[in-house]
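Hello,

Please find the structure below, handed over for your files. My notes on what was found in it follow.

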Amino acid sequence: MAFTRRATIQGLGLGILLPLAPRLAFGQSAGILTRPIPSTKEPMPLVGLGTWITFNVGDDPVLKDECADVIAAFFEGGGRMIDSSPMYSSSQPTIGYGLRKLGYPKHLFSAEKVWISDPEQGGPQIEASRAYWGVDKFDLMQVHNLVSWEEHLPALIEMKAAGKLRYVGITTSEERRHGEIERIMASQPIDFVQATYNILDRKVEDRILPLAQEKGIAVIVNRPFRQGELIRQLEDEPLPDWLAETGARNWAQFLLKFIISHPAVTCAIPATTRVDHVRGNLEAASGNLPDEKMRRRMIDYVEAL
């Protein structure tokens with residue numbers, strides 16, 4: 001395989017080139033399966049776009065244009081949610097660059113985070129993020145990894161009440177924070193929770209996903225591929241003979257189909273550096289989704305490899 005400049009620097013592209021699913025009259029996005037955000041019933045495509053590492057390209061004009069191409073393919077394929085954070089370094093201005101090139105698609109769902117220990121700096125950080133993106137306001141603002149959440153969350157709830165945000169949430173990528181996440185979910189008026197979930201990391205199935213369904217909280221899934229580790233681990237393994245029964249065509253889609261088939265999941269946000277991969281990821285949110293029996297079969301197959 002010929003290595004592009006991007007592949008050499010990042011090495012994180014996932015999936016394979018596949019045609020997009022035929023455009024269907026299903027849900028909010030043509031050809032893409034959606035699930036409603038519980039607090040408003042707004043339909044959300046089941047696959048979004050993460051930007052951790054992959055969009056951190058600095059001022060490199062070639063890589064910025066490659067990211068803009070990924071964003072363009074994402075919207076062309078029916079995607080909506082793009083997720084980022086001040087933690088992701090130059091990912092925010094990279095998103096802004098791509099959105100400007102596209103004329104700011106109206107169906108963008110902007111998901112950002114506040115990530116700063118000083119509560120007094122939360123507002124200025126959010127404003128800086130907004131300026132990087134170039135949007136009037138964010139659809140969703142999340143407290144990243146619960147940093148100073150006791151102060152930030154009330155401020156975000158006030159912003160939502162004032163019409164400066166549409167949704168409020170919290171995030172974690174660490175299992176050790178699950179207990180605190182659960183307490184916040186049970187006691188605070190949040191719209192979204194973001195956590196790690198994939199075919200091998202299933203701890204959220206014990207309490208977080210059921211609690212989200214009970215409380216009417218949308219779930220965003222981060223690290224669906226363990227930052228590419230799962231793809232690298234499985235790419236040389238044989239796909240199951242019954243792959244077609246899952247609705248997938250490759251390992252990346254297999255892994256995504258497992259995640260988004262859980263009824264509590266609103267949107268998974270795989271990060272990628274390549275247009276063909278974002279198309280393949282979006283295709284996972286079309287066609288059939290595995291039922292509970294198939295999900296168990298998928299787990300057993302991967303765990304046996």
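**Helix 6 and helix 7**

Helix 6 (residues 178-187) and helix 7 (residues 208-215) have axes that come within 10 Å and cross at roughly 5°. Angles under 35 degrees count as roughly parallel, so helix 6 is roughly parallel to helix 7. Please keep in mind that this is a predicted model.

On the helix 6 side, the residues that meet helix 7 are His178, Ile181, Glu182, Met185 and Ala186. Their counterparts in helix 7 are Ile208, Leu211, Ala212 and Lys215. Sorted by class, this contact between helix 6 and helix 7 has six nonpolar residues, one polar residue and two charged residues.

**Helix 2 and helix 11**

A second helix pair is formed by helix 2 (residues 61-76) and helix 11 (residues 275-283), whose axes come within 9 Å and cross at roughly 25°. That angle makes helix 2 roughly parallel to helix 11. The crossing of helix 2 and helix 11 is right-handed.

Helix 2 makes the contact through Asp69, Val70, Ala73, Phe74 and Glu76. From helix 11, the residues involved are Val275, Val278, Arg279 and Leu282. The contact of helix 2 with helix 11 consists of six nonpolar and three charged residues, with no polar ones.

**The sheet**

Eight strands make up an open sheet, and their pairing is parallel. The order across the sheet is 3-4-5-6-7-8-9-10. Strand 3 (49-50) and strand 10 (267-268) are the edge strands, each pairing on one side only.

Within the sheet, strand 4 (residues 81-83) and strand 5 (residues 109-114) run parallel and are joined by three bridges. If you want a place to look in the viewer, Asp83 has Ala111 of strand 5 as its bridge partner.

**The chain as a whole**

The secondary structure of the chain comes to 12 helices and 10 strands. The radius of gyration is 18 Å, close to the 19 Å that the globule rule gives for 305 residues, so the chain is as compact as a globular protein of that length. Along the principal axes, the C-alpha atoms of the chain fill a box of roughly 55 × 45 × 35 Å.

To recap the helix pairs: the crossing is at roughly 5° for helix 6 and helix 7, and at roughly 25° for helix 2 and helix 11.

Regards

Definitions and conventions
Residues are numbered from 1 along each chain as its sequence is written. This is a predicted model: local features need pLDDT of at least 70, side-chain atom pairs count only at pLDDT 80 or more; totals for chains, interfaces and linings use all residues. Side-chain values use heavy atoms; hydrogens and water are left out. Two strands pair if DSSP finds at least two bridges between them. Helices (H or I, at least four residues) and strands (E, at least two) are DSSP runs, numbered from the N terminus. Axes are lines fitted to C-alpha atoms, for helices over the stretch in contact, and angles run from 0 to 180 degrees between N-to-C directions. Angles under 35 degrees count as roughly parallel, over 145 as roughly antiparallel, 65 to 115 as roughly perpendicular and the rest as oblique. A crossing is left-handed if the near helix is turned anticlockwise from the far one by less than a right angle, and right-handed if clockwise. Contact means heavy atoms within 4.5 Å. Ala, Val, Leu, Ile, Met, Phe, Trp, Tyr, Cys and Pro count as nonpolar, Asp, Glu, Lys and Arg as charged, and the others, Gly among them, as polar. The radius of gyration is taken over C-alpha atoms; the globule rule is 2.2 Å times the number of residues to the power 0.38.
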